[in-house]
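Hi everyone, thanks for making time for this. I'd like to walk you through one protein model, so please have a look at it with me.

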Amino acid sequence: MKKRKSSGNFIGIGLLCLLFLCVAVFSIFFVCCSKPSSDSSEETIPPETFSETDGISDNTAVQTESSVPPSEEASTEQKEARNLTGLKLSILGDSISTFDGYIPTDYNIFYPNYGDISTVEKTWWFQVLSSTGMELNANASSSNTDVSGDSSDTTGSAPGCSFKRINDLTPGDDGPAPDILIVFMGVNDFLRSVELGNFTTPEAQQEGVITNFCDAYELMLQKLAATYPKTQIYFCTLLETNAGDVDDNPGAFPSTNENGNTIADFNAEIATIASAYNYPVIDVHNCGITYDNLSDYTIDGTHPNAEGAHLIAEYITKSLLY
């Protein structure tokens, strides 16, 4: 009887130990499962890192605290501005880019004779120089001039497609070529209802009296490319205008010229021609001056006032830097 009692006790003790062991294992399992992992806590983005006003995430804090691979960090940073300091800038333009004392003496002047751009510092191109650190090489801008016309003209009223205007993009006969060149003209072709034409594919243009805007613009580009092969050349689209036909009907304020063309039509051809030759286009038409706010940013429906010049300068500066 004592032997059976002893076996029963051993069995009871064993069962009790097994019960304690099960309880311990279950407790450890429960604690491990309920504890949040360190990985998930690091990946959670706090709600306050998002802007509720515009729906755009402000990732500054998250980027500094999380371990993002270097390649991904670089892609999230703002694009670094180009360093243009000391580069020489030339401008080929019309009245919008003129200023007395900064263009050849035989050229036609608009500023500062008219409007509130009374000092050179208020012109769009001088503001670009100030913002980028570039230096003026030459300003071959002449008021009341077209891109089209007689390419052999040697006067200050010569068209943009002439050698006269292109050669004047350097200071003097032996001056240095520009590092950067901005071409910003064509509005007078629109206002005078010059035949627009239709550019399809690049082809050699002939010298002479060019009455088709597309042919004249392509000839101008070809001559610029040949004369300044190492220069970074930018072609600008045109601003809106409501000045009417400057020759036949100066009192009208149309959004189309006598041929039924709009500024958008001319801009499309400018962009197409420049792109066909792999030159960049600065869409100045998108700077903030519209057909509806011309009275706010121009003095006469065409020529920018000081505020308009500032909008142009900001847009071109950003396009050059980034």
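I'll talk about two helix pairs, then the cavities, and finally two spots in the loops.

One thing to keep in mind throughout is that this is a predicted model.

Let's start with helix H5, residues 124-132, and helix H11, residues 306-321. Their axes come within 8 Å and cross at roughly 40°. How are H5 and H11 placed to each other? Angles from 35 up to 65 degrees fall between roughly parallel and roughly perpendicular, and H5 and H11 are therefore oblique to each other. The crossing of H5 past H11 is right-handed.

Which residues make that contact? From H5 we have Trp124, Gln127, Val128, Ser131 and Thr132. H11 brings Ala309, His310, Ile312, Ala313, Ile316, Thr317, Leu320 and Leu321. Sorted by class, the contact of H5 with H11 holds 8 nonpolar and 5 polar residues, with no charged ones.

Now please turn to the other pair, helix H8, residues 213-227, and helix H9, residues 263-276. Here the axes come within 10 Å, and the crossing angle is roughly 35°. H8 also passes H9 in a right-handed crossing. On the H8 side, the contact is made by Phe213, Cys214, Tyr217, Glu218 and Leu221. On the H9 side, you can find Phe266, Glu269, Ile270, Ile273 and Ala274. By class, the contact of H8 with H9 has 8 nonpolar and 2 charged residues, and no polar ones.

Next, the empty spaces. Rolling a probe the size of a water molecule over the atoms shows where empty space is left. How many cavities of 30 Å³ or more does the count give? It comes to 2.

The largest cavity holds about 50 Å³ of space. Around it sit Asp94, Ile96, Phe184, Met185, Val187, Leu238, Leu239 and Thr302. That lining has 6 nonpolar residues, 1 polar and 1 charged.

The second largest cavity holds about 30 Å³. Its lining is made up of Ile96, Tyr111, Ile117, Thr123, Trp124, Pro304, Ala309 and Ile312. Of these, 7 are nonpolar, 1 is polar and none is charged. You may recognise some names: Trp124, Ala309 and Ile312 line this cavity, and they also take part in the contact between H5 and H11. Ile96 appears in the lining of the largest cavity too.

Tyr111, from that second lining, brings us to the loops. A cis peptide bond joins Tyr111 to Pro112, with omega at about 5°. Where is Pro112? Look in the loop between strand E1, residues 88-93, and H5.

My last stop is Asn144. Its phi is near 65°, a positive value in a residue other than glycine. Asn144 lies in the loop between strand E2, residues 135-141, and strand E3, residues 149-150.

Thanks for listening!

How values were computed. Residues numbered from 1 in each chain as written. Predicted model: local features only at pLDDT ≥ 70, side-chain atom pairs only at ≥ 80, totals over all residues. Heavy atoms only, no water. Axes fitted to C-alpha atoms, helices over the stretch in contact; angles between N-to-C directions. Helix = DSSP H or I, 4+ residues; strand = E, 2+ residues; numbered from the N terminus. Parallel < 35°, antiparallel > 145°, perpendicular 65-115°, else oblique. Left-handed = near helix turned anticlockwise from the far one by under 90°. Contact = heavy atoms within 4.5 Å. Nonpolar A, V, L, I, M, F, W, Y, C, P; charged D, E, K, R; others polar. 1 Å grid on protein atoms, 1.4 Å probe; cavity = no way out; pocket = protein on both sides within 12 Å on 5 of 7 lines; lining within 4 Å. Points joined across faces, edges and corners; volume = space filled by probe spheres on them.
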